[in-house]
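Please load the model in your viewer, colour it by chain, and keep the selection panel at hand. The stops below move from a single residue outward, and each one says what to select next.

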4 protein chains.
Amino acid sequence: MNRITLQIHCKDQTGIIASVTNFIANNNGNIVYIDQHVDREQDIFCMRLESEFKAFSMESFKSNFTSVLVEKFKMKWRIYDVEEKPKMALFVSKYDHCLYDLLGRYNSGELFVEIPFIISNHNNLKPIAESFNIPFYHIPVTKDTKAEAEAQQLKLCKEHNINFIVLARYMQIVTNTLINEYPNKIINIHHSFLPAFIGAKPYHSAFKRGVKIIGATSHYVTTDLDAGPIIAQDVASVSHTYSIEDLIAKGRDLEKIVLATAIKHHINRKVMVFNNKTIIFS
Amino acid sequence: MNRITLQIHCKDQTGIIASVTNFIANNNGNIVYIDQHVDREQDIFCMRLESEFKAFSMESFKSNFTSVLVEKFKMKWRIYDVEEKPKMALFVSKYDHCLYDLLGRYNSGELFVEIPFIISNHNNLKPIAESFNIPFYHIPVTKDTKAEAEAQQLKLCKEHNINFIVLARYMQIVTNTLINEYPNKIINIHHSFLPAFIGAKPYHSAFKRGVKIIGATSHYVTTDLDAGPIIAQDVASVSHTYSIEDLIAKGRDLEKIVLATAIKHHINRKVMVFNNKTIIFS
Amino acid sequence: MNRITLQIHCKDQTGIIASVTNFIANNNGNIVYIDQHVDREQDIFCMRLESEFKAFSMESFKSNFTSVLVEKFKMKWRIYDVEEKPKMALFVSKYDHCLYDLLGRYNSGELFVEIPFIISNHNNLKPIAESFNIPFYHIPVTKDTKAEAEAQQLKLCKEHNINFIVLARYMQIVTNTLINEYPNKIINIHHSFLPAFIGAKPYHSAFKRGVKIIGATSHYVTTDLDAGPIIAQDVASVSHTYSIEDLIAKGRDLEKIVLATAIKHHINRKVMVFNNKTIIFS
Amino acid sequence: MNRITLQIHCKDQTGIIASVTNFIANNNGNIVYIDQHVDREQDIFCMRLESEFKAFSMESFKSNFTSVLVEKFKMKWRIYDVEEKPKMALFVSKYDHCLYDLLGRYNSGELFVEIPFIISNHNNLKPIAESFNIPFYHIPVTKDTKAEAEAQQLKLCKEHNINFIVLARYMQIVTNTLINEYPNKIINIHHSFLPAFIGAKPYHSAFKRGVKIIGATSHYVTTDLDAGPIIAQDVASVSHTYSIEDLIAKGRDLEKIVLATAIKHHINRKVMVFNNKTIIFS
């Protein structure tokens, strides 16, 4: 059995769902999952569909789908082979909690993904990469060498056919060099409940403001700092007894879980992005 | 524009979604919502669908749908006119918090429902019913008069074409007389995180056990006490500083929100029940 | 038995706790609750203490405490008679959900408080006030009459010896006229997770930003808009399926609970304020 | 500076707090933390206190404290040197998620603890122990060898002066041999929201019951299965779309966080146990 995932979006119109499900049926496919969302403000229709086929040719499906449906409804669409593991590049810096967490999940089979390599601007986490048998590239970044470093990062990603990048507490701002090559494909974890506490040292700001709840946010990276489409968020209660160090420690748990959640949504092709917002099909 | 909601379930088979969406399209309907779930353990397919029609006859739709699809797939199905407000009977006892909460939501238009009357085995809450201009029936219940009281309750429900019943901290056990007439249509709020602390005085049991989190559960009433299909649950953190009274006070907030959530799911026809479990389409 | 609550703060010094507990013992008091917090950044010591006395004179306790301890440690302190119900003024506008919620709690005895009156700039909620037998004052507010209106509000508060004011979705900005008379004694509910979405229409902003969690924040009113000391916060998960109206409906539940929680902390004298942050003794 | 933590409990009586704080002051100690709780049902007074001393002899403090206070108030008490790291034995089986999580925290300095060794009834997790440079003892357990295996475990614990034991998804039932030697010093993580779903396969039971929230519970091990004093609990929302495998995956995150939280409370001597319930001083 071949299994595919389709993501479709277009202007909202009558008959799209019937046309698409019909097309699948006429091609001897069995729909095993369908979900859709209409953004009434934007008048945009989005659909996610999984289908099984006994006999399947990706080539001919694509060509038929295009001629029968894409032109008629002016669709934008993506198709994925469900069995195909996405390739994920991991960027880290000195903090190890998200790295341990992700590699632990990877090791236990929780993440349906390949991790061809880990990149870091420091050497500290190399032993962790090695203990999980994942190649580790140390690419230092300074103001002067940033462009060069990103070129090197990009080269590695291209060589390994990387599908998406995860910034697992990578403490550098990523520029257009990478962002334009991986639009809505670079996942960051920000250690605050966005849009509160954008930028550096959010736990210090949270402490100063005296909030009773802290949070973490995973989002796609855009050129606007910490302003990209939000994929996942979580929060935890805190109190006046929490020092900044306590907030940071508590926050680590949030960061780990929120980043892993966002990655799982992405890996399972459950995310669609419109208008700087995500649709997460459940 | 006429708008309908369809709920369908049957054995999982190839082509159901295409057939149904096709049927809608052939009848000039526009699907505005579709969601489905396959229970792999039971091999059961469930679908919820909303569709708009410019011209619509409920009669002929039902007859066509039956002849074209229901027999072919051996479906069980329900159809609802989205504009038709369900009629809800409210059963209360002496506690007023759920009653105030529900009537406040009703008053503000948050609940798409009619409340033809309130029934209670005590007279205490009559003034609240009156302040919201809702008829209040005092039907006392004792061991000896229980059967008679339920007959009276049932008679009122029938007279007013009640669609579903809400037990808003109604402190009596309801028997088959009502349950059989309203299967999966009697919504109860239980003041614990089921299946923990079934039965009476759950906050006392929670206190004794020293739990760090308490909960509330809304479920459909079946003949098994507190064992019916769960519709909604919520929890709150507590600590050793909480007395039983504190647990009860905190629990009231949970009860209000969980019951209201369950009612909204039911009113919007988002709930399907199988095998003593609910599917809540979002 | 007389029961008092003491709140003390001063520069952190050796021996404060022993001196104070000693003083209570020497005055034949039995300490039934003690909690303290040291703000290491500010080097400030805060303590909350409850004590029972068989014989008690507020006058002489105050005078002894001052001469023995206050001068020695340069304390700022407050003393409360636990049996004395604080007097709370309720300010509302057109939204009724917080009003219903608070009056329901008040009615059931959950809030240890007196509510001498309700003030509103609109007449809409008068019937609710009346159904709970609480005097309702309609004081319209326009740009031109704002100063006059606040003078009237203040006069009412003074006449009734109001201890603190609750803005239960009162949609007006309160000025220094009231703030200076009731420092850290005006409790507002803001319908966002502060410091995110300060100001008007936070649910609209949350929808636009595509957050996955919304919140509500109760804080003391200061002259900085929505920037006063935070007393309580809570959040709820949302998704792309939520319209702005859905966010608003979900938010109402948060607002009710968060405001009630903050009021209970205040009523029970559990809150101390330093440096624009609260300490909430549990 | 020497720093100690005191835990005291006795029948509730007048003057305890003053007497203890006085004693500290007379011994030139500075109290930096004090919290207390009175269990009104049991009439038991509990207190936790941290104090700093410039000059300090544990010997003489103990002897003085005993003669001045312990006899007078019939106290039970414990004293801890804050600088002394507790020694924790880790028992695991085949699941690695809690092990990775705890060792990651340990490595980063988040846990103030020594881990002299890891014991397992299987060899699978040995490489993880080695990558963190912690001795790993493989002690197989069968029905027939259980007594012998526990004797070996106990011997190791004694040799290394183990203070407490953590069962990090150790899938064996521990008997009196260990429990009696480490009363309220064996911490287990149970993968359900206790008291719901006691015993084996709680996620399967949760799936069958159709709960909308799952949980995890960390508790001290007693001879009653899964019925010991609860230290920490947490929950997560789930839906009908979750398979049993999804519940298990989501549950792993809860287990990690709840177990780590319980261990931190224990390490920081924040837990007191009475009547099969815990007091967690914050």
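Begin by selecting B:Ser218, which is buried at a relative accessible area of 0% (buried means under 20% relative accessible area, exposed over 50%, and partly exposed in between, with a 1.4 Å probe and protein chains only). The model you are looking at is predicted, so that local features need pLDDT of at least 70 and side-chain atom pairs count only at pLDDT 80 or more, while totals for chains, interfaces and linings use all residues. Residues are numbered from 1 along each chain as its sequence is written, chains are lettered from A and ligands numbered from 1 in the order in which they are written, and side-chain values use heavy atoms, with hydrogens and water left out.

B:Ser218 belongs to strand β10 of chain B, residues 213-220; helices (H or I, at least four residues) and strands (E, at least two) are DSSP runs, numbered from the N terminus. Show its surroundings and, leaving aside residues up to four places away in sequence, you will find B:Ser218 touching, among others, B:Ile187, B:Ile189, B:Ile231, B:Val258 and B:Ala262, where contact means heavy atoms within 4.5 Å. For a sense of scale, add B:Asn27 to the selection: B:Ser218 and B:Asn27 are 191 residues apart in sequence, and their C-alpha atoms are 38 Å apart in space.

**The sheet of chain B**

Next, show chain B as a cartoon and follow the open sheet of 7 strands, whose order is β7-β6-β5-β8-β9-β10-β11 and whose pairing is mixed; two strands pair if DSSP finds at least two bridges between them. Strands of a sheet pair through backbone hydrogen bonds, either parallel or antiparallel. The edges are formed by β7 (136-138) and β11 (230-237) of chain B, each of which has a single partner strand, so one side of each is left without a neighbour in the sheet. From one strand to the next, the twist averages 20°.

At the β7 edge, select β6 (residues 114-120) of chain B, which pairs with β7(B) in the parallel sense over 3 bridges; here B:Ser120 stands opposite B:His138 in β7(B).

Which helices lie across β6(B)? One is α3 (residues 97-107) of chain B, which lies across β5 (87-92), β6 and β8 (164-167) and runs at about 165° to β6(B). Another is α5 (residues 146-159) of chain B, which lies across β5, β6, β7 and β8 and runs at about 170° to β6(B). For these angles, axes are lines fitted to C-alpha atoms, for helices over the stretch in contact, and angles run from 0 to 180 degrees between N-to-C directions.

**An annotated site in chain A**

Move to A:Asp226, where UniProt, in an unreviewed entry, places the feature "active site"; such annotations may be inferred rather than shown by experiment. A:Asp226 is found in the loop between β10 (213-220) and β11 (230-237) of chain A, and it is buried, with a relative accessible area of 7%. Its contacts, not counting residues up to four places away in sequence, include A:Asn188, A:His190, A:His219 and, from another chain, C:Arg209.

Then select A:His190, which lies in strand β9 (residues 186-190) of chain A and counts as buried at 3% relative accessibility. Among the residues that A:His190 touches are A:Phe197, A:Pro202, A:Thr217 and A:Asp226.

**Cysteines**

Why does selecting A:Cys46 show no disulfide? The sulfur of A:Cys46 is 8.4 Å from the closest cysteine sulfur, in A:Cys10, which is too far for a bond, a disulfide being a pair of cysteine sulfur atoms within 2.5 Å. A:Cys46 counts as buried at 1% relative accessibility. Over all chains, the structure holds 0 disulfides.

**Relations between chains**

Finally, display chains A and B together: chain A can be laid on chain B with an RMSD of 0.0 Å by a turn of 180° and a shift of 0.0 Å along the axis, with copies superposed by least squares on the C-alpha atoms of residues with pLDDT of at least 70 in both. That is the relation of a two-fold axis. Select A:Asp35, the residue of chain A that comes closest to the rotation axis, at 2.6 Å (C-alpha).

Chain C, in turn, can be laid on chain A with an RMSD of 0.0 Å by a turn of 180° and a shift of 0.0 Å along the axis. In chain C, the C-alpha nearest that axis is that of C:Ala196, 2.3 Å from it.
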